[in-house]
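This report describes the sheets and the empty spaces of one protein model. The sequence and the structure come first.

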Amino acid sequence: MSRPPVRRVVTGHNDQGLAVILSDTDAPHHFSSDTIPGFGATVPWMTKAGIIDHVSDTDMAGADTEIPSFPAPGETIMRIADFPPDSVYPKDANSAIFDELDGHEEADAGAERSGGKHFWFHRTESLDYAVVLEGEITLLVDEGEATMRAGDVAIQRATSHAWSNRTDKTARVLFVLIGTEPISASEIASQRRVNSTSMDAS
């Protein structure tokens with residue numbers, strides 16, 4: 001099942017410093033799964049680490065640009081993802097999803113403490129802003145969950161998590177992923193304990 005395209009309007013400047021529309025077309029980085037009906041994502045834009053370029057007309061998400069599944073430290077990726085109902089995923093959903101995303105390492109990290117409660121569990125080294133655009137989807141973490149609807153926002157802070165669509169309609173979610181320095185859940189827990197001990201001592 002092919003997904004509807006995402007219209008992408010990119011602005012810039014001309015040589016006189018006037019703001020202009022550089023392009024107004026469907027985003028070229030548009031993926032629809034061959035194995036999971038309705039699943040896919042579009043990447044309208046990304047940025048590399050370092051100073052962001054506002055001078056050139058370089059298309060950071062042009063058709064010939066290679067965009068990683070997950071951002072490195074300092075990089076950002078804007079992604080619009082469609083999550084079909086959980087019921088349409090194949091029995092080997094975990095393998096199918098992360099084969100397509102090249103994300104088995106992230107899936108292994110996410111499964112460490114999740115107890116296998118959902119096939120979408122993964123963990124990335126990133127700060128993710130997630131905005132539900134259409135439908136309803138449930139954010140699962142190791143302990144707890146939150147059902148989100150259009151207009152709701154999640155701030156996902158390098159946690160192990162999964163997205164579960166328990167409805168009969170596709171949910172569309174906009175993500176902005178900001179790559180952060182690697183730190184494991186165990187390292188976070190250790191630092192929290194040190195910080196807690198320091199506060200208790202003071």
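In which sense do β6 and β9 pair, and over how many bridges? The two strands pair in the antiparallel sense, over five bridges. The model that shows this is a predicted one. Within this pair, Val-131 has Val-153 in β9 as its bridge partner.

**The six-stranded sheet**

β6 and β9 belong to an open sheet of six strands with the order β3-β4-β5-β11-β6-β9. The pairing in this sheet is antiparallel. β3 (30-32) and β9 are the edge strands; each has a single partner strand, so one side of each lacks a neighbour in the sheet. From one strand to the next, the twist averages 20°.

**The three-stranded sheet**

An open sheet of three strands, also paired in the antiparallel sense, has the order β8-β7-β10. Its edge strands are β8 and β10, each of which pairs on one side only. On average, neighbouring strands here are turned by 25° against each other, direction ignored.

How many bridges join β7 to β8? There are five, and the two strands run antiparallel, with β8 covering residues 145-149. Leu-139 stands opposite Ala-146 in β8, while Glu-136 has Arg-149 in β8 as its bridge partner. β7 and β8 form a hairpin with three residues between the strands. In this hairpin, Gly-144 takes a positive phi near 120°.

**Arg-8 in β1**

Is Arg-8 buried or exposed? Arg-8, which is placed in strand β1, has a relative accessible area of 6% and therefore counts as buried, the limit being under 20%. Two contacts of its side chain can be named. The side chain of Arg-8 reaches the backbone oxygen of Pro-44 at 3.2 Å. With the side chain of Asp-59, the Arg-8 side chain makes a polar contact at 2.7 Å.

**Cavity and pockets**

Rolling a probe the size of a water molecule over the atoms shows where empty space is left. The structure holds one cavity of 30 Å³ or more. The table sets this cavity beside two pockets.

| Space | Volume | Lining residues | Nonpolar / polar / charged residues |
|---|---|---|---|
| Largest cavity | about 240 Å³ | 19 residues | 12 / five / two residues |
| Largest pocket | about 750 Å³ | 27 residues | 10 / eight / nine residues |
| Second largest pocket | about 450 Å³ | 23 residues | 12 / seven / four residues |

Which residues lie nearest the centre of the largest cavity? They are Phe-70, Arg-79, Leu-101, Trp-120 and His-122, out of a lining of 19 residues. The elements that give two or more residues to this lining are β4 (40-47), β5 (76-83), α1 (93-101), β10 (161-164) and β11 (171-179). β5 gives the most, with three residues. Of the elements named, β4, β5 and β11 have places in the six-stranded sheet, whereas β10 is an edge strand of the three-stranded one. By class, the cavity lining has 12 nonpolar, five polar and two charged residues.

The largest pocket, with a volume of about 750 Å³, has Arg-157, Ala-158, Thr-159, Ala-185 and Ile-188 nearest its centre. Two or more lining residues come from each of α2 (104-111), β6 (126-134), β7 (136-141), β9 (153-157) and α3 (185-201). Which element has the largest share of this lining? That element is α3, with five residues. β6 and β9, the pair described at the start, thus appear again in this lining. Nine residues of the lining are charged, beside 10 nonpolar and eight polar ones.

The second largest pocket has a volume of about 450 Å³. Thr-11, Trp-45, Ile-52, Asp-53 and His-54 lie nearest its centre. Here β1 (7-13), β2 (19-26) and β4 are the elements that give two or more residues to the lining. β1, the strand that holds Arg-8, contributes the largest share, six residues. The lining divides into 12 nonpolar, seven polar and four charged residues.

Technical notes:
Residues are numbered from 1 along each chain as its sequence is written. This is a predicted model: local features need pLDDT of at least 70, side-chain atom pairs count only at pLDDT 80 or more; totals for chains, interfaces and linings use all residues. Side-chain values use heavy atoms; hydrogens and water are left out. On a 1 Å grid over the protein atoms alone, a cavity is a set of points where a 1.4 Å probe fits but cannot get out, and a pocket is an open set with protein on both sides within 12 Å along at least five of seven lines; lining residues have an atom within 4 Å of a point. Grid points are joined across faces, edges and corners, and a volume is the space filled by probe spheres set on the points. Helices (H or I, at least four residues) and strands (E, at least two) are DSSP runs, numbered from the N terminus. Ala, Val, Leu, Ile, Met, Phe, Trp, Tyr, Cys and Pro count as nonpolar, Asp, Glu, Lys and Arg as charged, and the others, Gly among them, as polar. Two strands pair if DSSP finds at least two bridges between them. Axes are lines fitted to C-alpha atoms, for helices over the stretch in contact, and angles run from 0 to 180 degrees between N-to-C directions. Buried means under 20% relative accessible area, exposed over 50%, partly exposed in between (1.4 Å probe, protein chains only). A polar contact is a pair of N or O atoms within 3.5 Å; within protein, one must be able to donate a hydrogen and the other to accept it, and residues adjacent in sequence count only if both atoms are side-chain atoms.
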